[in-house]
Amino acid sequence: MANHGRSLLRLLSNQGMLLVLLLLCLFFSLLTLKQQSPEGESAGRSLARDILRQRGRDVHVLIAAGTSAEDAAFADAVQAELSRGGVNALAVVKGEPRDARMTLDQLAQKKERLDVVACNQLSASWLVFKDVPEDFPTLGNPIIETPRSYWWPTFLKSDNLLNIAQQIVVIAIVAIGMTMVIVTGGIDLSVGSVIALSAVISTLLMQEHLGNLNAGPAAMIGASLAAIVACGLIGLFNGTIVLVFRVPAFIVTLGMMFMAGGLAEKISRGETLYRIPESFVWLGRGTGMMGLPHAVLLMGLLYILAHILMSRTVLGRYLYAVGGNREAARLSGVPINLVTLFAYVSCGLLAGLGGVIMASQLKSGSMTFGQSYELYVIAAVVVGGTSLFGGEGKMTGTLVGAFIIAVIRNGMNLMGMSSGTQKIVFGAVILMAVILDSLKHFGWKRLLRS
C-alpha cells in the first residue's frame, strides 16, 4: 500500500500538474464566459457580408468607426467587402461623433438615401445616429448594424492567451536555471535583483556609451551580451562561495540579492534609463512565426535545449546525481564542483537574459525590475514538480509550473481580485506544492512517525 501511495503521489506530481493547468484554464474560462463584441478587420468583413446577404446590392451604407487602428481596420474591411459585393459606401467616417454629424449633414444636403449605418460597438453608441430621423429627415430612417456578438470566455481570447505567454516569458526562462540549481540541491534567491541589474547594465551601456537613441544592432547586441555575461559572473561567485566556504546557498544568494539590487540602484543613480533605440523592442515585443512574439519563440527554443540537456546528456545525469546523493556522486567520479558551478552560472546567465528581455519589453531599465520574481521563479519550479530536496525535476514540469503561475495571475486579474487576495492564493499554491513534494519524498507513514 505504501508503494502504491508513493506511486500515486509521484504520478500526481509529474503528470498531475498538466491536469491542474488544464483544469485552471477550464475554471477561468467558465468564470469569464461572456458575450463578446467582435472588433477589427474580421468583424468588418463579417458585418459587410451580413448586410449584403440581408439587403442585396440595392443598399445605401454609411460606415462609421472610431480613431484607433483597430477601428480603422474595421472600417476599411467593411468598405472593401461591400465593394467586392458590388456596393459602394456613401461615406466612411473614422473619427468622433462630430465627424459623423458633419458627414450626415453633407449627405442630407445631397439628398441621399441612407439605409444602413455600419458601426462597431463604439460608434453604435453615438447618439448622433439615434437622432437621424429627427435631425436629418431627408435621409430616412436608417438601421444601425453592428457585428453579431457571440459567447466566448474572455480568458480564451487570442490576445489574452498571447498576453499570458508574454507575461510568463521572463519567469519561465529564469526558471530553467533555477531548476538546475534546485536539482543539485541548492537555491538562488538573487535572480530577481540580477534581472534588474541586467536591465540596468544593458540600457546604461546603450544610453551613455553606445550611441544613445542612435545605437545600432551591433551596439545593442554588445550591450545585451555584456549584461548577460556580468550576471553569469554573479552566478559563478554564488557557486564558488557555496562550494569553498560551505555556506548554505540560501544565505549566499540572499546576500547577493541585496548586493545586486544595491548595485543596480547605484549605477542607475535611482533613475529609469529609457534613452535607447526604438528597435531594441524587437526581442521583447516583436512577432515572428505564426504571429508568436520573438520572446515566446526564444523561450520555447531554450526549453527544448534544456530538456535535451537534462534528459539526454551526461551533464544532465551529473546534475541529478549531485542533487540525489552528493557523496555517492563524488565516489562515482562525478565532478561535483564543476557541475554545481555550471548550475549557478547557468542560472545567472538566464537571469541576465531575462533582464534583457524585460528591458526590451518595457523599452527601459530600472532598479525596480524583477521585484519578487525570485519567488515566482521558485514557485514555478516547485509547482512543476522539482523537488526542493534535490535530485528530481523535469524541464517540461517547470514550463507547466510557469504557465500555472501565469494562468492564476491572469485569471485573478480578469476577475478583478485584489492584490492581497492574489498573494494569499499564490502562498497557498506554493504550500500545496511543497507538501506534495514532502509526501512524495518521505511518504505518509514516515512523516507521521517523525
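**Figure 1. Arg269 in the loop between α12 and α13 of the predicted model.** Arg269 counts as exposed because its relative accessibility is 51%. Its phi is near 55°, a positive value in a residue other than glycine. Most residues other than glycine have a negative phi. Arg269 follows α12, and the loop that holds Arg269 leads to α13, residues 282-285.

**Figure 2. Helix α12 with its buried and exposed residues.** Helix α12 runs over residues 249-268, and its 20 residues should span 28 Å at 1.5 Å a residue; the end C-alpha atoms are 28 Å apart, in agreement with that value. The buried residues of α12 are Ala249, Val252, Thr253, Met256, Met257, Ala260, Ala264 and Ser268. They cover an arc of only 145° around the axis, so they fall on the same side of α12. Phe258, Met259 and Lys266, on the other side of α12, are exposed. The cover over the buried residues of α12 includes α10 (191-208), α11 (217-245), α17 (336-362) and α18 (373-383).

**Figure 3. Arg275 and its contacts in the loop between α12 and α13.** Arg275 counts as partly exposed, since its relative accessibility is 38%. Not counting residues up to four places away in sequence, Arg275 touches Gln207, Asn212 and Leu213. Glu208 is 67 residues from Arg275 in sequence, and the two C-alpha atoms are 8.8 Å apart in space.

**Figure 4. Asn212 in the loop between α10 and α11.** Asn212 is not a glycine, yet its phi is positive, about 60°. With a relative accessible area of 23%, Asn212 is partly exposed. Asn212 is also one of the residues that Arg275 touches.

**Figure 5. The second largest cavity and its lining.** The structure holds two cavities of 30 Å³ or more. The second largest cavity has about 30 Å³ of space. Its lining consists of Asp188, Ser190, Val191, Val194, Ile234, Gly235, Asn238, Cys347, Gly348 and Ala351. At least two lining residues come from each of α10, α11 and α17. Sorted by class, the lining has five nonpolar, four polar and one charged residues.

**Figure 6. Helix α5 and the elements that pack against its buried residues.** The 13 residues of helix α5, residues 97-109, should span 18 Å at 1.5 Å a residue; the end C-alpha atoms are 18 Å apart, which agrees. Ala100, Thr103, Leu104, Leu107 and Ala108 are buried in α5. They lie on the same side of α5, because they cover an arc of only 140° around the axis. Arg98 and Gln109 are exposed on the other side of α5. Strands β2 (61-65) and β3 (91-94), together with helices α7 (127-130) and α8 (132-135), pack against the buried residues of α5. Lys111, just after α5, takes a positive phi of about 60°.

**Figure 7. Helix α14 and its packing partners.** Helix α14 spans residues 294-312, which makes 19 residues. From the first C-alpha to the last, α14 reaches 27 Å, close to the 27 Å expected at 1.5 Å a residue. His294, Ala295, Val296, Met299, Leu302, Tyr303, Ala306, Leu309 and Met310 are the buried residues of α14. These residues pack against α9 (158-183), α13, α15 (314-324), α17 and α19 (395-414).

**Figure 8. Gln361 and its contacts in helix α17.** The relative accessible area of Gln361 is 18%, so Gln361 is buried, the cut-off being under 20%. Leaving out residues up to four places away in sequence, Gln361 touches Gln166, Val170, Gly284 and Arg285. Helix α17, which holds Gln361, is also one of the elements that the buried residues of α14 pack against.

**Figure 9. Ala73 in helix α4.** Helix α4 covers residues 69-84. Ala73 counts as partly exposed because its relative accessibility is 26%. Leaving aside neighbours within four places in sequence, Ala73 is in contact with Gly40 and Glu41. Pro217 is 144 residues from Ala73 in sequence, and the two are 32 Å apart in space, C-alpha to C-alpha.

Key:
Residues numbered from 1 in each chain as written. Predicted model: local features only at pLDDT ≥ 70, side-chain atom pairs only at ≥ 80, totals over all residues. Heavy atoms only, no water. Helix = DSSP H or I, 4+ residues; strand = E, 2+ residues; numbered from the N terminus. Expected span 1.5 Å × (residues − 1). Buried < 20%, exposed > 50% of the residue type's maximum accessible area, 1.4 Å probe, protein only. Arc of directions from axis to C-beta. Contact = heavy atoms within 4.5 Å. 1 Å grid on protein atoms, 1.4 Å probe; cavity = no way out; pocket = protein on both sides within 12 Å on 5 of 7 lines; lining within 4 Å. Points joined across faces, edges and corners; volume = space filled by probe spheres on them. Nonpolar A, V, L, I, M, F, W, Y, C, P; charged D, E, K, R; others polar.
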